[in-house]
Amino acid sequence: MVPRTPFGGETGIGVRHLLLPPQDPEAQARARRLRELGIEAKPVPEFDDVARELAQRTGGCYAGVNFFVDENRQYFAGLYSAASDTTVELETPLLDDPVPGRVMPRDLDIGFCPHVVRRRKALVLDDVRDFPRFAGNHVVDAIGIHSYLGAPLIDHTGMVLGTICVVDQDPHPWGHQGLETIKTMAAELVERIEGREQGR
């Protein structure tokens, strides 16, 4: 079976284009920009609320606001779990606990957000098992993630700060409405983040 291409403006990107190297040439500049914006590796209740809203609007089981705080880590400053209908307070690494925590390595084979950051585009995976590049991702087996929807957080300087994302443990037809929802929320969130910088 020929793998489907993620929809929503991302057509024409074949699987081979998703085989990206793990190097991130913007990692150091991104870390500096996040410090300028006052974003650190710590939970932010405002971002937890954004994650909750995204999960509720799209029907996903987990959602996050994910920043690439350094060359080695993703940090979910905003995180929501529908299972307990609460934000997640765990600081344990995600893959060491059956409930997603806030810390993940930024390896391309652990999670899907690194691909969004590198591609600078939204990524829609209704069923990750339909895409050979993603079917073997460690989170598929570790916490049963089978669908993903993510969009980059790009500030006015053109820097990709991280992502806003939602996942489900079942195949999930996100649809064009889901894609438009996450893109809109990503743009609104960047405005709020930059507004926090201007307000300091």
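## Close-up views of a predicted model

**Figure 1. A salt bridge within helix α2 of the predicted model.** The side chains of R52 and D49 meet in a salt bridge, with an N to O distance of 2.9 Å. Both residues belong to helix α2, where they are three residues apart, about one turn of the helix. R52 is partly exposed, with a relative accessible area of 24%. D49 likewise counts as partly exposed, at 43% relative accessibility. A search of the whole structure finds 10 salt bridges.

**Figure 2. A salt bridge between helix α2 and the loop that joins β3 and β4.** D48 and R102 meet through their side chains at 3.2 Å, N to O. This pair links distant parts of the chain, since D48 lies in helix α2 and R102 in the loop between β3 (86–87) and β4 (103–105), 54 residues apart. D48 is buried, with a relative accessible area of 6%. R102 is also buried, and its relative accessible area is 0%.

**Figure 3. Helix α1 and the salt bridge of R33 with D155.** In α1, the residues A27, R30, A31, R33 and L34 are buried. Seen down the axis of α1, these buried residues fall within an arc of 165°, so they line one face of the helix. Q28 and R35, on the other side of α1, are exposed. The helix is followed by G38, which has a positive phi near 75°. The side chains of R33 and D155 form a salt bridge of 2.5 Å, N to O. Because R33 lies in helix α1 and D155 in the loop between β6 and β7, the pair ties together parts that are 122 residues apart in sequence. Both D155 and R33 are buried. A network of salt bridges links R33, E36, D155 and E194.

**Figure 4. Strand β6 and its pairing with β5 and β7.** Seven of the eight residues of β6 are buried, so this strand is largely enclosed by the rest of the structure. Strand β5 (residues 123–125) pairs with β6 in the antiparallel sense over three bridges, and the bridge partner of L123 in β6 is G150. The pairing of β6 with β7 is also antiparallel and extends over eight bridges. Here L153 stands opposite G162 in β7. The hairpin of β6 and β7 has five residues between the strands, and within this hairpin G158 takes a positive phi near 90°.

**Figure 5. The largest nonpolar core and the surroundings of F47.** This core has 34 residues, and those with the most contacts inside it are F47, F67, L153 and I164. Two or more residues are given to the core by each of α2 (45–58), β1 (62–67), β2 (73–81), β6 (147–154), β7 (160–168) and α6 (175–199). The largest share, seven residues, comes from α6. Leaving aside neighbours within four places in sequence, F47 is in contact with V65, F67, A77, G78, L189, I193 and R196. Apart from this core lies another, of 24 residues, among them C61, L79, V116 and L125.

**Figure 6. K42 in the loop between α1 and α2.** K42 lies in the loop that runs between α1 (27–36) and α2. At 41% relative accessibility, K42 counts as partly exposed. Not counting residues up to four places away in sequence, K42 touches Y75 and A77. The C-alpha atoms of K42 and G78 are 9.0 Å apart in space, although these residues are 36 residues apart in sequence.

Conventions. Residues are numbered from 1 along each chain as its sequence is written. This is a predicted model: local features need pLDDT of at least 70, side-chain atom pairs count only at pLDDT 80 or more; totals for chains, interfaces and linings use all residues. Side-chain values use heavy atoms; hydrogens and water are left out. A nonpolar core is a set of buried Ala, Val, Leu, Ile, Met, Phe, Trp, Tyr and Cys residues joined through side-chain atoms within 4.5 Å. Buried means under 20% relative accessible area, exposed over 50%, partly exposed in between (1.4 Å probe, protein chains only). Helices (H or I, at least four residues) and strands (E, at least two) are DSSP runs, numbered from the N terminus. Contact means heavy atoms within 4.5 Å. Two strands pair if DSSP finds at least two bridges between them. The arc is that of the directions from the helix axis to the C-beta atoms. A salt bridge is a side-chain nitrogen of Lys or Arg within 4 Å of a carboxyl oxygen of Asp or Glu.
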